There are 4 protein chains.
Amino acid sequence: MTHAFQPVLERIAQEIGALADRGRPADYIPALAAVDPGAFGMAVAELDGTVHGVGEWRRPFSAQSLTKVFTLALVLAEEGDALWEHVGREPSGNPFNSLVQLEYENGIPRNPFINAGALVVTDRLHRLTGDASGRLLRFLREESGDDRLGSDRDVAASEAEHGDRNAALAHFMASYGNITTPVPVLLREYFRQCAIEASCADLAVATGFLARHGLRADGSRLLSRSRAKQVNAVMLTCGTYDAAGEFAHRVGLPGKSGVGGGIVAVVPGTCTLCVWSPGLDARGNSVAGVAALDRFTTLTGLSVF
Amino acid sequence: MTHAFQPVLERIAQEIGALADRGRPADYIPALAAVDPGAFGMAVAELDGTVHGVGEWRRPFSAQSLTKVFTLALVLAEEGDALWEHVGREPSGNPFNSLVQLEYENGIPRNPFINAGALVVTDRLHRLTGDASGRLLRFLREESGDDRLGSDRDVAASEAEHGDRNAALAHFMASYGNITTPVPVLLREYFRQCAIEASCADLAVATGFLARHGLRADGSRLLSRSRAKQVNAVMLTCGTYDAAGEFAHRVGLPGKSGVGGGIVAVVPGTCTLCVWSPGLDARGNSVAGVAALDRFTTLTGLSVF
Amino acid sequence: MTHAFQPVLERIAQEIGALADRGRPADYIPALAAVDPGAFGMAVAELDGTVHGVGEWRRPFSAQSLTKVFTLALVLAEEGDALWEHVGREPSGNPFNSLVQLEYENGIPRNPFINAGALVVTDRLHRLTGDASGRLLRFLREESGDDRLGSDRDVAASEAEHGDRNAALAHFMASYGNITTPVPVLLREYFRQCAIEASCADLAVATGFLARHGLRADGSRLLSRSRAKQVNAVMLTCGTYDAAGEFAHRVGLPGKSGVGGGIVAVVPGTCTLCVWSPGLDARGNSVAGVAALDRFTTLTGLSVF
Amino acid sequence: MTHAFQPVLERIAQEIGALADRGRPADYIPALAAVDPGAFGMAVAELDGTVHGVGEWRRPFSAQSLTKVFTLALVLAEEGDALWEHVGREPSGNPFNSLVQLEYENGIPRNPFINAGALVVTDRLHRLTGDASGRLLRFLREESGDDRLGSDRDVAASEAEHGDRNAALAHFMASYGNITTPVPVLLREYFRQCAIEASCADLAVATGFLARHGLRADGSRLLSRSRAKQVNAVMLTCGTYDAAGEFAHRVGLPGKSGVGGGIVAVVPGTCTLCVWSPGLDARGNSVAGVAALDRFTTLTGLSVF
């Protein structure tokens with residue numbers, strides 16, 4: 001089936017332009033708060049890497065938690081199911097940085113996309129490679145073909161400065177033996193990942209392996225078909241903080257959001273998407289981003305349900 | 001795409017026959033505990049109602065929570081989004097009959113498939129129709145074409161006798177004003193629903209409207225395309241108690257399990273399934289049932305991811 | 001040491017009269033909400049039963065949770081330590097009718113003074129005597145010497161009408177086997193106890209056995225010295241809902257409050273007190289009552305610390 | 001009233017000698033695990049400083065959480081009620097190093113004796129004095145008259161090495177702005193306090209100001225009568241981890257325990273006690289220590305209830 005994505009994207013951009021309430025950018029670090037909440041970009045990448053876009057789809061933004069998808073895939077590619085002894089696969093039913101559930105479950109985070117879980121996945125990647133953030137950057141550059149893609153030092157420094165909550169999570173899991181990288185090193189690697197800047201085009205293209213059932217841009221295999229399906233499943237059930245149910249309801253696609261205002265989404269076997277608009281709702285998801293994906297699935301009929 | 005379901009089912013039955021650990025039947029009421037844990041049946045219904053089966057696919061079993069899918073659909077058909085003021089759509093992150101989350105969220109259950117949520121949905125249906133269990137039975141008979149399908153009085157009575165936990169949930173939500181049917185009436189209706197006996201064939205066929213994007217067996221519309229998609233989304237994110245993530249991971253289909261050992265699943269646009277085997281795992285899902293669906297999606301490549 | 005209680009009481013009444021913020025009466029049932037929040041009475045009973053009072057110290061009010069002290073003492077007198085298999089002795093660290101802690105601790109309430117614990121104590125007394133509320137009333141009449149003391153039917157009926165939360169607690173504990181009296185019977189007995197009306201004079205005198213190390217008004221022994229000490233300890237650590245620490249801090253006496261606005265307190269070896277003023281603070285304790293007891297311990301130097 | 005403490009102590013020592021189950025020493029750091037679980041010492045200090053003892057009452061042991069009493073008193077002496085904006089006064093109803101309650105209450109620990117609360121109190125003392133552990137040591141030396149009393153470097157280093165849980169607590173509260181000392185500095189000061197070594201004699205004598213209603217050994221006032229009473233109240237309601245209710249029940253005195261096996265207790269207006277035996281029960285309190293204090297109050301009739 002062929003989809004004429006460009007006119008769909010343009011129609012969506014027009015409708016989003018009329019959206020009254022755009023939410024508010026994250027303000028826990030100054031670098032994120034400074035962004036114009038009205039900004040909007042969206043890109044669709046076909047299986048062969050052809051990419052369509054609208055709005056500021058080539059402007060780099062702070063990827064933040066979108067990078068968790070790639071880190072997870074890299075660790076699964078390296079050590080497979082061994083990862084699941086250190087982190088679960090169940091929705092958290094609690095805000096994304098909750099310590100409560102972590103305590104009830106003895107230091108094993110519910111899933112790889114809450115902050116605690118992403119720290120564990122970063123710990124694994126760092127143990128396996130000795131250079132977690134470098135490995136991730138290399139992968140993103142290779143997949144997107146964008147060599148300028150990098151991590152913003154100021155944002156990483158600002159994250160570190162306001163990083164007490166993540167430090168608490170890391171020390172807490174270390175107390176259960178579920179993290180072994182020294183906490184300061186782990187946090188440095190983690191914040192470098194969060195601070196990666198990339199455009200909608202970059203991220204839509206780089207997510208392609210999840211629509212191609214595990215195949216990378218160059219045709220080599222990163223993940224088995226079954227593992228690629230698993231990453232999509234984790235995205236659908238856990239990818240949008242405490243709003244995974246509502247996202248599945250409205251959008252019906254595996255997706256992962258970040259507090260920088262980005263969301264990546266996957267139509268398995270068909271295409272991948274990245275949308276960006278920095279205004280967030282109360283649960284930390286981009287208001288215009290969710291609305292745009294909602295319209296996309298309605299206009300194209302592309303949904304997993 | 002045509003699928004030759006019969007050979008797939010037979011291969012699955014053979015493999016399941018070799019499964020060493022089949023779990024243990026639910027034993028909270030005697031009627032359920034008495035069932036042979038080795039029993040197994042599976043049915044696939046195509047969009048036109050053609051049904052294929054293997055094992056004890058025509059033997060009625062206790063549908064239990066599988067009925068929650070149909071009650072939810074009936075209420076959405078009647079009152080639409082008004083339901084979502086009384087129950088959420090997020091995974092619970094806790095065992096299925098937890099009071100904890102209910103308290104933190106002021107009497108609004110997380111989703112329609114935990115017991116508290118199903119009590120709320122039954123309360124709505126009873127308010128709308130004056131006969132919740134009767135309305136549900138009529139719907140199941142019409143969709144399955146099986147007029148003998150009914151509720152087992154002994155099972156319902158036994159549920160009531162051991163119903164203190166559900167009575168606690170109902171009174172607790174009543175204290176927040178989120179249930180208005182008198183609690184004893186509500187519990188009677190609820191237990192009658194749980195006690196419905198139906199076969200894999202009946203339930204696979206009756207679930208067909210979810211694969212047909214909202215159309216009933218007779219071609220009339222029960223739910224809009226968008227609402228049908230929403231029910232599938234709730235099944236995928238919340239349908240298997242505290243194991244929704246793992247079910248999505250292994251099976252990758254919207255599904256709903258019951259402590260009677262049944263599981264219904266949907267391949268949107270293609271077919272519906274019902275599998276039954278009474279031995280449960282620690283989280284309350286049929287061991288052989290999950291294994292059979294896992295094999296089905298692997299053998300056919302049918303998964304939403 | 002002799003204490004001239006009458007002038008102290010009069011000075012307190014004067015100071016309380018000038019108290020600007022008196023809180024708000026409980027309004028969960030109409031009968032309690034109707035009371036004048038400015039009402040105030042206080043009584044001190046010496047060890048020999050001599051009673052001093054000020055304000056409306058002879059006017060009956062709704063004793064509510066104050067009765068939990070006497071029910072506890074009666075069960076301890078009957079079955080001793082066997083009670084502690086069914087209810088704990090630790091502060092709850094949560095509001096008084098929380099279900100959360102109950103669930104984490106498998107149906108064993110933290111202490112006898114939260115609602116769940118009081119339901120368990122009532123269940124025990126009803127099993128032991130076949131007439132929990134009658135037994136309690138007889139004890140209060142005998143100790144206070146006031147034969148007119150009784151339970152208000154309208155209040156009891158009103159409690160029952162708004163009793164969903166307590167019904168939930170009772171069914172929940174029944175589901176763990178920690179309550180065996182049929183829930184409707186148990187609730188009737190419980191609400192009858194709550195609805196007992198008595199004056200400050202009655203209640204100060206009836207509490208005397210706790211200051212006399214277990215001896216009743218007629219000199220016979222209700223509790224051993226050690227058990228009387230234990231009841232005082234439970235009052236100090238658990239007697240004022242989620243404000244036990246602050247009450248110990250300000251007042252420094254074993255005390256038990258009720259949502260009718262009453263508080264009883266004990267100076268072991270010296271005297272007992274009851275104060276009443278229906279305006280409550282956010283944690284359910286009488287504002288003027290706590291203030292009056294605070295002044296009493298400051299003016300007399302009588303505190304356990 | 002005069003008490004002949006020496007024969008009471010000797011009788012207790014004899015009875016404790018026959019105690020079969022002595023519990024197990026704390027083993028989270030090697031230095032503590034190495035102690036002989038059969039060791040026992042007990043001291044009683046009269047108001048004038050006269051001290052009686054039995055067993056190893058002059059042998060220094062690791063004071064651990066006993067020091068929290070003195071740090072609390074020093075901060076209250078310096079800044080008074082301002083402290084209570086940073087830490088509560090309610091029992092925690094949860095194990096002593098729980099993060100759960102901290103999260104629900106936005107970074108304000110329930111009381112000064114759980115680890116989180118003690119970190120806050122240390123943070124306050126360090127802000128006020130620039131040398132929290134030095135200030136505490138000076139106070140203990142002055143009150144006990146024992147100049148050799150000091151902090152064990154190996155124990156402090158070992159605590160730091162296993163300090164992830166406390167680091168998590170400190171970072172977590174820092175994320176709410178409730179701790180402002182840099183976390184590594186705060187932890188160093190905190191672990192130095194925990195590692196203080198003192199004997200039963202030292203600690204019983206140093207606690208004297210709480211029995212003298214706020215007066216130090218030299219007759220000068222550390223705390224007002226009202227504040228001294230408050231410290232006793234916090235000890236009674238929160239001093240023995242999650243067993244405060246049972247301690248009040250059995251012993252009936254304000255007390256504070258430490259995982260080194262020590263317990264200090266206060267009989268206001270009469271005397272202070274310190275008992276030491278390193279074997280702990282499941283809740284972290286010295287088995288022989290609680291038993292000895294239980295016997296002491298039974299034999300002397302000295303209890304606050």
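This is a short talk on one sheet, some ring contacts and the confidence scores of a predicted model.

Okay, confidence before anything else, since this is a predicted model. For the complex, the predictor reports an ipTM of 0.91 and a pTM of 0.91. Chain A has a mean pLDDT of 94, with 96% of its residues at 70 or more. And the usual reminder: where pLDDT is low, the predicted coordinates should not be read in detail.

Right, on to chain C. There's an open sheet of three strands here, and the order is 3-5-4, with antiparallel pairing. So who sits at the edges? That would be strand 3, residues 61-62, and strand 4, residues 150-151; each has a single partner strand, so one side of each has no neighbour in the sheet. If you look at strand 4 and strand 5, the latter being residues 196-198, they pair in the antiparallel sense over two bridges. Want a residue to click on? Try Gly150(C): its bridge partner in strand 5 is Glu197(C).

Now, rings. Searching the whole structure gives 28 aromatic pairs over all chains. Let me show you a couple. In chain A, take Phe172(A) and Tyr176(A): the ring centres are 5.3 Å apart and the planes are at 90°, so we call that one edge-to-face. Phe172(A) is buried, at 0% relative accessible area, while Tyr176(A) comes out partly exposed at 28%.

Then back to chain C, for Phe61(C) and Trp276(C). Stacked or edge-to-face? The planes are at 5° and the centres 5.2 Å apart, so this pair is stacked. What I like here is where the two residues come from: Phe61(C) is in strand 3, the edge strand I just mentioned, and Trp276(C) is in strand 8, residues 271-276, so the contact ties together parts that are 215 residues apart in sequence. Both Phe61(C) and Trp276(C) are buried.

One more from chain A: Phe70(A), Phe139(A) and Phe209(A) make up one aromatic cluster.

Last topic, charges over rings. In chain B, Arg89(B) has its charged end over the ring of Trp84(B), 5.0 Å from the ring centre. Chain D has a lysine case: Lys256(D) lies over the face of Tyr241(D), and there the distance to the ring centre is 4.6 Å.

If you pull up one view afterwards, go for Phe61(C) and Trp276(C), the stacked pair. That's it from me, thanks.

Notes:
Residues numbered from 1 in each chain as written. Chains lettered and ligands numbered in written order. Predicted model: local features only at pLDDT ≥ 70, side-chain atom pairs only at ≥ 80, totals over all residues. Heavy atoms only, no water. Pairing = 2+ DSSP bridges. Helix = DSSP H or I, 4+ residues; strand = E, 2+ residues; numbered from the N terminus. Phe/Tyr/Trp six-rings, centres within 6.5 Å; stacked < 30°, edge-to-face > 60°. Buried < 20%, exposed > 50% of the residue type's maximum accessible area, 1.4 Å probe, protein only. Lys NZ or Arg CZ within 6 Å of the ring centre and 35° of its normal. pLDDT = per-residue confidence, 0-100.
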